[in-house]
Amino acid sequence: MSGISALLELDGKRIVVVGGAGLLGSKICEAISRAGARCVIADINVARAEEIAEKIGSDTGARPEVTTVSIVDPSSVDEMINSVARKIGGIDVLINSSYPRNSNYGRKFENVEFKDFCENVNLHLGGYFLVSQKVLEYFKANGGGVLLNMSSVYGMIAPRFRIYDGTAMTMPVEYAAIKSAIIHLTKYMAAYYAGNNIRVNCISLGGLWDHQPESFLSEYRKHCIDKGMLDAADVVGTVLFLASDMSRYVNGQNVCVDDGFTL
Ligand SMILES: NC(=O)c1ccc[n+]([C@@H]2O[C@H](COP(=O)([O-])OP(=O)(O)OC[C@H]3O[C@@H](n4cnc5c(N)ncnc54)[C@H](O)[C@@H]3O)[C@@H](O)[C@H]2O)c1
């Protein structure tokens with residue numbers, strides 16, 4: 001294969017998806033498996049990851065490997081990287097789609113306890129930092145690689161709180177702090193590892209449909225151009241692009257996939 005089609009090709013790329021057992025991560029794993037990548041699902045929920053690997057294997061003929069990881073445990077992240085390298089010979093791309101949070105996550109601003117704010121920032125932003133630090137050093141020692149982290153439209157703009165009226169939902173303050181930080185961390189890390197054949201990007205996606213109340217869905221849709229809340233599958237084209245050599249000169253960027261929500 002040559003030219004543009006070769007750049008799009010994921011054949012042979014060894015891709016680990018952290019949080020690959022989740023709503024978005026599982027769709028990413030399916031898409032990259034279909035595109036010919038060697039996929040490893042790395043997740044704290046191994047039982048769910050095995051179910052997803054089985055399903056992808058029967059649907060695509062390419063069953064992902066599974067490995068356990070807790071993104072907030074340095075030795076677990078080291079072991080995950082070693083285990084992926086043992087299973088498939090190395091890592092070319094790491095996609096972090098994990099979403100750690102504690103049991104008090106999701107409270108309204110005035111009800112968030114200081115310790116919960118700190119814990120959720122540590123789990124999510126701290127965990128994304130830890131995985132990034134470890135895999136970027138791995139890439140540096142092994143000739144390069146691609147890191148792709150997940151941010152959110154709510155790392156880019158202030159929340160549209162009115163769309164939550166009449167529901168028990170809100171947009172947690174920790175999330176705004178975490179996701180905006182991931183966007184800037186992306187630029188920091190891309191600049192820091194310049195010259196090492198390493199690319200670092202993030203995707204800021206809009207809300208994903210997940211059985212939310214109809215009142216919320218219709219209010220949300222008013223801020224979009226076409227569909228409103230997206231399906232996880234709507235984001236995977238951008239993931240494939242950023243994982244492939246097609247995006248060779250896209251580095252340090254926040255790529256927004258939101259049906260116009262942030263316009
Ligand atoms: N769902 C949305 O509407 C939405 C919108 C914008 C951005 N995002 C972002 O997309 C990413 C994925 O979200 P999702 O909706 O698929 O979440 P999800 O909760 O469905 O999946 C997250 C996965 O992370 C795993 N996980 C949790 N803690 C972990 C830990 N400590 N170590 C390893 N794995 C851990 C879970 O087991 C789960 O499989 C997140 O970064 C999220 O912020 C989601």
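Which residues have the most contacts inside the largest nonpolar core? In this predicted model, they are Met80 and Met150, and the core around them has 62 residues. Let's look at what sits in there, then check out a serine and a few cysteines.

**The nonpolar cores**
- Helix 5, which runs over residues 114–141, gives the most to the 62-residue core, chipping in eight residues.
- There's also a second, separate core, made up of 13 residues, and Tyr105, Met171, Met229 and Phe261 are among them.
- Back to Met80: skip residues up to four places away in sequence, and Met80 touches Val16, Val18, Ala42, Thr67, Thr68, Val69 and Leu94.

**Ser76 and its contacts**
- You'll find Ser76 in helix 4, which covers residues 74–88.
- Ser76 has a relative accessible area of 16%, so it counts as buried, since the cut-off for buried is under 20%.
- Leave aside the neighbours within four places in sequence, and Ser76 is in contact with Val69 and Ser70.

**The cysteines**
- A disulfide is a covalent bond between the sulfur atoms of two cysteines.
- How many disulfides does the model have? The count comes to zero.
- Cys224 is in no disulfide, and the nearest cysteine sulfur, in Cys256, is 10 Å away.
- For Cys256, the closest cysteine sulfur belongs to Cys202, at 9.8 Å, and that is too far for a bond because the two sulfurs would have to be within 2.5 Å.
- Is Cys224 buried or exposed? Cys224 is buried, with a relative accessible area of 14%.
- Cys256, on the other hand, counts as partly exposed, at 30% relative accessibility.

How values were computed
Residues numbered from 1 in each chain as written. Predicted model: local features only at pLDDT ≥ 70, side-chain atom pairs only at ≥ 80, totals over all residues. Heavy atoms only, no water. Helix = DSSP H or I, 4+ residues; strand = E, 2+ residues; numbered from the N terminus. Buried < 20%, exposed > 50% of the residue type's maximum accessible area, 1.4 Å probe, protein only. Contact = heavy atoms within 4.5 Å. Core = buried A, V, L, I, M, F, W, Y, C linked by side-chain atoms within 4.5 Å.
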